[in-house]
Amino acid sequence: MDLDFTPWEEEFRLRARAWLAAHVPRSPLPSLETEEGFAAHRAWEGELAADRWSVVAWPEEYGGQGVDLVSWLLFEEEYYAAGAPARVSQNGISLLAPTLFDHGTAEQRARVLPPMARGEVVWAQAWSEPEAGSDLASLRATARPVAGGWRLSGQKTWSSRAAFADRAFGLFRSGPRAERPHQGLTYVMFPLDAEGVTIRPIGRLDGKPAFAEVFLDDVFVPDEDVIGAPGDGWRIAMSTARAERGLTLRSPGRFLATADRLVRLWHAYGDPADTALRDRVADAVIGARAYQLFTWAGASRIRAGGTLGAESSLNKVFWSEYDIAVHEAALDLLGAEGELTGAEAGAAAPGTEGQGVGDRDAKAQDRGDRGAEGQGAGDQGAKGQGAEGQGAEGQGAEGGCGDPSAWTEGYVFSLAGPIYAGTNEIQRDIVAERLLGLPRGRR
Amino acid sequence: MRFLLDDERRAFARSLDGLLTAADTPAVARAWAAGDHAPGAAVWRRLADTGVFTLVAGEEYEGVGPLPVDVAVAFVELGRHAVPGPLVETAAAAALLTRLAERGVTAPAKRLLPSLVAGETRATLALPGTGPYVLDADAASLVLAVEAGQVRLAPGTVRVRASRDPPRRLAKPLPGGEVLASGPAVAGAARWALRWAALATAAQCLGVGAALLDRTVAYVKQRTQFGVPVGSFQAVKHRLADVLVGLEFARPLVFGAAVTLHEEGWGDVAAAKVAAAEAAYRSARAALQLHGAIGYSSAYDLSLWLLKARALRGAWGSVSHWRGLSLPPAPTGSRRPVSPGHPG
């Protein structure tokens, strides 16, 4: 049992660190929730891809470096430690791509993955429907077979990143429910700019347009955009869902970086006599290390030929609750400043000295205005900031720790964690039934 | 990087589990609590045969250590079976004597370590800053007190006091006695002993928490109310799921602390101590609640683990003390001028 990395892995880590040091933007990119920000993040994906850093674990033929999970985790640690931008392509990279590797055809991989790796095609997810959330298999949107393909109809909702993304993936009912609702579902990729697609943004808890409803009215999709066999979509989607809950969605590097920022905030502003708050800061450090080591154990198991199954539900409960607790500690530490969103000009922001607080506030102001514009501008005006992204960007690039608006933004984002990627109630059911062997009951 | 127990360690855990299951450790713990050390001594001898007491000291003292991962493996099983006695203390005493010898004070190690390693001697000890009591002094032939830059062989203890966890028997070492070591090596050796004590206690907590969870899962599967197993109710399932989350994220911290025990800094061992203590305690609270009234009965063996989870939570320093140690120290000059309106 060891935690030692090979000389090659150490060298890979240093190469990643050097590249990031040379390329990570000095000031944060505009928010993903703006057209400008979306474009900037898309360009950043292209910059990463140009030197093969956007998808390091993919085979070289699709734009990666062909490294294994352990090296990918090292890259992620470096990525978040460098305060690099949120990943606009995360939906595609961490959810759709694993599905294509496992269930797609060679033709689909060759066609879909390289433009995903370069940020040229950004993907949204389209799982939930108004009447199908935790009970996803009860979904009603349909795929009707026609000559050469399928016609999609129905409504998807809470669709992360749908407004600005290029394409989406989701499940559609293509056959009768038979005895079980999980049968007769088909996994489909579809364009968001096709005729018959209407996108309507939804403001998240802080009012920012963060996700969207997607209306589909007889939208044509060719056969080549169905993944796996028609009717086999549930089984395929569940493998994606595990990836989403598991370590590929939330790598430990993200939380190590957040805990590190919190510790710096504590050392800079915390009252040493406030041991109650100090204990919460300690729990942030302990939790980040726990998540890192838990992940190393999982990666070791995968290396030894094992798999991660229902354990990904432990993972999801842990990081989503952890993320909220860390941000709550930061806001309590910030006191009155922890209430500020950064959207008003002229707000004094302790902890940002030497970090260009004026610029950042101006940017925040810009973000707020544009967000409001977006909401009023109609169906295509707002952005699909959803279940991914946010958190690292602009919070640590200069070794800073205390921009209150970054912490409050992160806090609002963290609140969604126990809901998306399968609610924590569903995850606890999975843990209880599959890991502890408790009997199924009525949900 | 291979952060997994190898087959040999797994086999070691299985053999301890088998041995301790056969030993009927709940009965042993009850006898120990009543002052009857004979069944505990028999278990101690069987543990010695498996090499449990050889894992800290090195070859020159007939040990095979230092093997902190193996110590963690062993103490998870010792916790799982609620084995009574000064097990952590004996391991920590071996660490203390070993480190003293490594720093040039070899006489105490030469004299005392071989019989500790052989399992012939039980030791107990008190270390600076972690409370005045030694555990099970009446069952130990070696009572070490480390304070004021000295390691003393205490001549005995003041009266033995009952712990809320009955098999734990606590006493203050008497002043005086032979000074085994003094000088600059003592403080470092005490810190080294405390690392082993915290690691072993954390591992023990993990085992205690796992035993409580296993017993509770078994109970709620067979206990029927309203015509169904109570384990089919979501309120019950979710509480136990949270217990498992706590234990499964404490486990890598315990083994991570074992892997990095020799490194500078308290971070990993403190994290392990805090997380394992909290996870075990949460398991205990859930176990009591989900067993209902029978869990509250001292005659029911669950009580052995319930009370131990609380006692171990505070052993070798409070969770708040260890949380403080888990934080990286403040860099010099990190404190910034406080802005108006800022609370700090």
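This report looks at one buried glutamate in chain A and then at the contact between chains A and B, all in a predicted model.

**Glu129(A)**

Let's start with Glu129(A), which sits in the loop that joins β1 (123-126) to β2 (142-146) in chain A. Its relative accessibility comes out at 5%, so Glu129(A) counts as buried, the cut-off being under 20%. The side chain has two polar partners, listed here.

| Partner of the Glu129(A) side chain | Part of the partner | Distance |
|---|---|---|
| Ala141(A) | backbone nitrogen | 3.1 Å |
| Lys156(A) | side chain | 2.9 Å |

Both partners turn up again among the residues in contact with Glu129(A) once neighbours within four places in sequence are set aside. That list also has Leu139(A), Arg140(A), Gln155(A), Thr157(A) and Leu171(A).

**Where chain B meets chain A**

Now for the interface. Chain B puts 52 residues into the contact and chain A puts in 59. About 4800 Å² is buried between the two chains, with carbon and sulfur atoms giving 66% of that area.

On the polar side, there are 4 salt bridges across the interface. In one between Asp242(B) and Arg428(A), the closest N and O atoms are 2.7 Å apart. The count of residue pairs in polar contact between the chains is 17, both residues being at pLDDT 80 or more.

Which helices of chain B each supply at least two residues to the side touching chain A? They are α7 (184-222), α8 (234-259), α9 (267-291) and α11 (319-326). The largest share belongs to α8(B), with 15 residues. Sorted by class, this side of chain B has 29 nonpolar, 14 polar and 9 charged residues.

Methods
Residues numbered from 1 in each chain as written. Chains lettered and ligands numbered in written order. Predicted model: local features only at pLDDT ≥ 70, side-chain atom pairs only at ≥ 80, totals over all residues. Heavy atoms only, no water. Helix = DSSP H or I, 4+ residues; strand = E, 2+ residues; numbered from the N terminus. Buried < 20%, exposed > 50% of the residue type's maximum accessible area, 1.4 Å probe, protein only. Polar contact = N/O pair within 3.5 Å; in protein donor to acceptor, adjacent residues only side chain to side chain. Contact = heavy atoms within 4.5 Å. Buried area = accessible area lost by both parts, 1.4 Å probe. Salt bridge = Lys/Arg side-chain N within 4 Å of Asp/Glu carboxyl O. Nonpolar A, V, L, I, M, F, W, Y, C, P; charged D, E, K, R; others polar.
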